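Reader: Hey, I've just opened this one and I'm new to it. Can you walk me through it?

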Amino acid sequence: MSDIQRFADTLRDKIRRADTVAIMSHTSPDGDNLGSLDAMYGFLKGLNKKVVYLSNDDVPKDFAYLPSTKARVDVSSVDEAFDLLIALDSSDADRFGPKGKELFEKAKLTVNIDHHMSNLSYADLNCVLPKATSTGEVLFRVLEAMDAEITPAMATGFYTAISTDTGSFQYDSVNGDTHRIVAKLYDAGCDHNIVVKSVYQSMSKEKLALSSRVLSDLRFMADGKISIAVCRLKDIEATGAAKDDTEGIVEKARNIDGVEMAIFLKEKADEVKLSFRSKSYLNCTEFASVFGGGGHIRAAGASSKDSLDSVIEKVEALVRDKIENTGQ
């Protein structure tokens, strides 16, 4: 029996025994986060379980088409010890935010389904597959091992997760198995068109203005192999963009000819978010780990409580130390 099958059998039993089931993911939700939650929500509702979909942050408008997002319940309004709490796409409990972490620790049984190599296996039951393209792929394998029915809505959630976390199937993690799963999603009735239109073809004028403003001030290091993009709070205010309109900027900075890795710094009210994206040989996790973060070889992230200017200085010093001084 495979590890996936053993996990699936155990999880099915725990779900059957639980009266109250909650699902949750990390703050600053993305496509893998929301798509995986959407598929899990559909599966649990299909079992006629009482499901509480915990919301610890706003949903980016690009993903409002996922029907389950309308069922999200603000974590600040909940104070319950759930029989079962299933966490998706989160490498550690801190990523739930303070209130989310409190509810996670209060739950009678916890489950962690993820694909990040930095995952700490922090739950009672853990299924972490670092070689998987996405948490959506991991969850699909788990539900497939349960012989679960994949509805068209669930298939759309899975497609959202896998498509977005592979950069539209561009990353090294993509292989034949990825496309075989996607083929099954098409067979199950996934709505490819709504994903493409909502996620990839609906950029607002404000988002375009923000991207243009940030990229116009792009800086380069290591003979052009490293690009550094910085988004300040004043940039968001000046363009009228939404806080999640920074999505995609780091990929644009990486896609420049000659750039091996892009580093994106986003100033927030109380922290600075760092995103790292590389093409072929630089390991993003090595850079993110310096700031206490993690992720994948080609895509990683971190956060810092230091000022933006201080983080910029540290990033530049890191690039000099790891790349310029080593001749990479």
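Author: Sure. Keep in mind that this is a predicted model. Let's begin with R141, which is partly exposed, at 29% relative accessibility.

Reader: Okay, what does R141 form a salt bridge with?

Author: With E137; the closest N and O atoms of the two are 2.4 Å apart.

Reader: How far apart are R141 and E137 along the helix?

Author: About one helical turn, because they sit four residues apart in helix α4 (residues 135–145).

Reader: And is E137 buried or exposed?

Author: E137 is buried: its relative accessible area is 2%. So this salt bridge joins a buried residue, E137, to a partly exposed one, R141.

Reader: How many salt bridges does the count come to?

Author: 21 salt bridges. Another one pairs R17 with D13, with 2.9 Å between the closest N and O atoms.

Reader: Where do R17 and D13 lie?

Author: Both are in helix α1 (residues 3–17), four residues apart, or about one turn of the helix. R17 is exposed at 57% relative accessibility, while D13 is partly exposed at 25%.

Reader: Which residues are linked with them in a network?

Author: The network of salt bridges links D13, R16 and R17.

Reader: Got one more pair for me?

Author: K314 and D306. Their side chains meet in a salt bridge at 2.3 Å, N to O. K314 has 40% relative accessibility and D306 has 31%, so K314 counts as partly exposed and so does D306.

Reader: Now something else: which buried residue has no salt bridge?

Author: K266 is one: it is buried, and the nearest side chain of opposite charge, E247, is 6.6 Å away. A salt bridge needs the nitrogen and oxygen within 4 Å, so that cut-off isn't met here.

Reader: Where is K266 found?

Author: In strand β9, residues 261–267.

Reader: What does the side chain of K266 reach, then?

Author: The backbone oxygen of K243, at 2.3 Å. K266 also touches C231, I236, D244 and T246, among others, leaving out residues up to four places away in sequence. E271, V272 and K273 are on that contact list too.

Reader: Let's switch to the nonpolar part. How many residues are in the largest core?

Author: The largest nonpolar core has 49 residues, and I86 and I113 have the most contacts inside it. Helix α2 (residues 31–46) gives the largest share of this core, seven residues. Apart from that core lies another, of 25 residues, including L265, L274, F287 and V315.

Reader: What is I113 in contact with?

Author: Setting aside neighbours within four places in sequence, its contacts include F7, L11, M40, I86, A87 and L88. C127, V138 and L139 are also among the residues that I113 contacts.

Reader: You just mentioned a cysteine. How many disulfides does the count come to?

Author: Zero disulfides. A disulfide is a covalent bond between the sulfur atoms of two cysteines.

Reader: Why is there no bond between C284 and C231?

Author: Because the sulfur of C284 is 19 Å from the one in C231, its closest cysteine sulfur, which is too far for a bond. C284 is buried, at 0% relative accessibility. C127 counts as buried too, at 5%.

Reader: Cool. What about the loops?

Author: Try S28, found in the loop between β1 (20–24) and α2. Its phi is near 50°, a positive value in a residue other than glycine. S28 is partly exposed, at 32% relative accessibility.

Reader: Which other residue has a positive phi, near 55°?

Author: D223, again a residue other than glycine. D223 is in the loop between β7 (219–221) and β8 (226–231), and at 79% relative accessibility it counts as exposed.

Reader: Last one: where is the place of G167?

Author: In the loop between α5 (152–165) and α6 (176–187). G167 is buried, with a relative accessible area of 15%.

Reader: How far apart in space are G167 and E251?

Author: They are 8.7 Å apart, C-alpha to C-alpha, with their positions 84 residues apart in sequence.

Notes. Residues are numbered from 1 along each chain as its sequence is written. This is a predicted model: local features need pLDDT of at least 70, side-chain atom pairs count only at pLDDT 80 or more; totals for chains, interfaces and linings use all residues. Side-chain values use heavy atoms; hydrogens and water are left out. Helices (H or I, at least four residues) and strands (E, at least two) are DSSP runs, numbered from the N terminus. Buried means under 20% relative accessible area, exposed over 50%, partly exposed in between (1.4 Å probe, protein chains only). Lys and Arg count as positive and Asp and Glu as negative; His and the chain ends are not counted. A polar contact is a pair of N or O atoms within 3.5 Å; within protein, one must be able to donate a hydrogen and the other to accept it, and residues adjacent in sequence count only if both atoms are side-chain atoms. Contact means heavy atoms within 4.5 Å. A nonpolar core is a set of buried Ala, Val, Leu, Ile, Met, Phe, Trp, Tyr and Cys residues joined through side-chain atoms within 4.5 Å. A disulfide is a pair of cysteine sulfur atoms within 2.5 Å.
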